[in-house]
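Thanks for asking me to look this over. Here are my notes, set out point by point so that you can follow along in the viewer.

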Amino acid sequence: MPHSTAVSRTRDVNAQHLEVLDRGLSAWQRLCPNDAWRDPVLLELEAYLDTPEVQRHMWDLEAEEVYPRPILDGLRERGLMSIFAPAPESGDARVTPFHQCALNAANARRNTSVAVTISVNSLALISAYVSATPEQFEKINARVQAGAFSSLLLSELNHGSNLLANQCRAERGTLDEAGEWIPVEDDEPCTHYRISGEKDLINGANEHDLLFAFLRTRNFEGSQDPKAIQPLKARADFSMFWIERQPSIQPLPRWRTLPAQGADISGLDFNGTVVEASRLLGREHGGMTVAQKTLILSRGGVASLASGCLSGARDMAVFYAARRAIYGDPIHTLGAIADSLLKLEVLDRLVSAISLRTTALINAYGVGVSHYTGVAKVIASGFAEEGVTEGKKVLGARALLRDFPYARYMQDVVLYAVFDGTTHLMYQELSHRLSQEARRVLKGAASDDTLSFMREVYAKPVVPVYGLLSGKNPRVVLPLERHLELLGDLPGAAPVGALSGVTSQLFACVRGCEDNGVWKAEQHLRLRAAELYATLEALTAFVELADVDRRAALGLAPAAEARALDRPLASYAVSWLGRRVTAGIRELALDAGLASGWEAPGVPALSELEATLAEGQAAVRQACREALVG
Amino acid sequence: MTPAEEKTLEILSNVCNVPREKLVPEARLIQDLDIDSVVTLDLLMELEESLEIDIPEVKAAEMQTVGDVLAYVREHA
């Protein structure tokens, strides 16, 4: 079939499918602890993307792997840029973590290329929020208000996630009388930098105008061997710059990607580009801190993208299962399909909840919540993949047809695992914090009133994102075991108290692994333990935001558009995923070779916790299925 | 030892997950305490926040041992 005919067929199928699809509110919107998502501009942007003409146009562009410029222009006309820079009529009311994440979730629910092309603005501008002077900030804001899109230039093809090995450089210098750049020594005044080298795998590298670049400004020689890099020393070799596109910056060819096929993932070659020293953001040689703080914040945004993607997949699976009746009744009445739909409903709420909780923590504590943004990024992307796979079981062969929209979610959802830090990198970080937490419990420091803490976090007014980044922020890590115990004491049917015991047993297992030496020796065990820890953190978010009773006990308004499924689903979720964690701990202990008796004293044994989590689940499952079909 | 130095050792112990008794002045941050780039950011942020000091990256880059960190804190806190 000729390509144009294939595209036409795609459009026909999508049009038929999308026009009857009543999306309703997403899990992210329903569970949001405040009204940020009801902002009129956000709603207008959503309504624009949902018009049939725009839907068809988006899918056509995607099928042809074309950058979605006309769609972006339509969004700009409707106030898109007021979410990234203060606007004359709204001020900075929309430049908040909640508005930016609401936008991410809404866009990713509809089209990943559009979503990631827009979300990179949040990512790139964080580096300016972190480090720009008031004068720089004003100039950047003016460009953003005028519609300029931004890109963050971190990656280099040969160095992947090892930023300290990056080679693209900015050399200090000045201009001679003829206006030619000449180098200066480190202790001499610098008026200009000369930039050379390539940045690659950059979102928006060919299309976006404001370039925020992480560049080497010291030790140009002697940094080629990754094994020789000393992290403390090498982090002072980089600076952050903001650069406008100019002729000496050559675009590199666009990559053809499996996910987000319309997005501009490409690179740039700096060929002796000379920029004024006023383009330096923050301190000279302070770029690593700016980059790391940028990633801390942006990881919360990745969770909102993953949430939107999964909600889009869930919309289609639910819609399909309620109307497909190949055996007489709709297939959602079949046990196996209902089971997949239940898991999909849990995962949709779970990923939304972890995104929302993290956004609330960012809104309250800025970069002090690196633990939670790391957890959110890694576990949201992982559970979003799992959810889309559950939906695939519902749609069967339809999920594999590129002429049917579900296939887009299949190919797009894998993107989030590699955004802003790979899964391995995230779990490596998390395993370090897990080890700290396992020891903190032993030191008896776990008596904080965590419920009051979270009540204050959720009640905090939504604030502009740049206000969160300029000062210093205390590092926030709640004692998870204690917090789950307190949540378990609140009214509610879900067996949340057992999760506190599960956390104690995970910490005991980690201490056992440390004591017998495998923790340090076996990275794969550390990463598996970190995944279990992240699952417990995700369940905590779920309980706070999606468990009807405990949500109320934390002082939050009921979820929008209450559904019969909400109450029994909380029990189902805690039981299902809580037992996944207990099984994981058991397996970890076996693989680590822990001697019997490693379990924590003074708390129920793993087998007792499993029994508590499983209690009454047959009735819960039945209630969930009835609510699902009803 | 000043209160700021005491606080520094407490932060090093918590962030690096190392018992206090191992934090001798000659202990090397990378080789002995296993500090990587992520831990470094946590450590710098925590020291700056708790002690209300500023630690530029170029100064942090010169710190090789626990003693170097304590000396910086002694001078600036």
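1. A cut-off to start with: two helices count as roughly parallel when the angle between their axes is under 35 degrees. Please also keep in mind that this is a predicted model.

2. Let me apply that to helix α3 (residues 40–50) and helix α6 (residues 97–110), both of chain A, whose axes pack at an angle of about 10°. That angle is under the cut-off, so α3(A) and α6(A) are roughly parallel to each other. Their axes are 11 Å apart.

3. Which residues bring this pair together? From α3(A) come A:Leu42, A:Leu45, A:Glu46 and A:Leu49, and they meet A:His99, A:Ala102, A:Leu103, A:Ala106 and A:Arg110 of α6(A). By class, the residues of this contact divide into 6 nonpolar, 1 polar and 2 charged.

4. Another helix pair in chain A deserves a visit: α10(A) and helix α12 (residues 370–395) of chain A, which pack at about 15° with axes 8 Å apart. These two helices are therefore roughly parallel as well. If you turn the view to look at the crossing, you will find that α10(A) passes α12(A) in a left-handed manner. The contact of α10(A) with α12(A) is made up of 18 nonpolar, 8 polar and 3 charged residues.

5. On to the interface, where 22 residues of chain A are in contact with 22 residues of chain B. Which elements of chain A give two or more residues to this side? They are α9 (231–234), α10 (287–323) and α14 (423–442). The largest share, 5 residues, comes from α14(A). Sorted by class, the residues on the side of chain A that touches chain B are 6 nonpolar, 9 polar and 7 charged. Note that α10(A) thus appears both here and in the pairing with α12(A).

6. Chain B has 4 helices and 0 strands, and its elements run α-α-α-α from the N terminus on. Its radius of gyration is 11 Å, close to the 11 Å that the globule rule gives for 77 residues, so chain B is as compact as a globular protein of that length. Taken along the principal axes, the C-alpha atoms of chain B fill a box of roughly 25 × 25 × 20 Å.

7. Two last figures for chain B. Of its 77 residues, 35% count as buried. Among the contacts in chain B with a separation of 6 or more, 59% are between residues 24 or more positions apart.

Note on methods
Residues are numbered from 1 along each chain as its sequence is written. Chains are lettered from A and ligands numbered from 1 in the order in which they are written. This is a predicted model: local features need pLDDT of at least 70, side-chain atom pairs count only at pLDDT 80 or more; totals for chains, interfaces and linings use all residues. Two residues are in contact if their C-beta atoms, placed from the backbone, lie within 7 Å. Ala, Val, Leu, Ile, Met, Phe, Trp, Tyr, Cys and Pro count as nonpolar, Asp, Glu, Lys and Arg as charged, and the others, Gly among them, as polar. Axes are lines fitted to C-alpha atoms, for helices over the stretch in contact, and angles run from 0 to 180 degrees between N-to-C directions. Angles under 35 degrees count as roughly parallel, over 145 as roughly antiparallel, 65 to 115 as roughly perpendicular and the rest as oblique. A crossing is left-handed if the near helix is turned anticlockwise from the far one by less than a right angle, and right-handed if clockwise. The radius of gyration is taken over C-alpha atoms; the globule rule is 2.2 Å times the number of residues to the power 0.38. A residue is buried if 20 or more other C-beta atoms lie within 10 Å of its own, exposed if 12 or fewer, and partly exposed in between; C-beta atoms are placed from the backbone.
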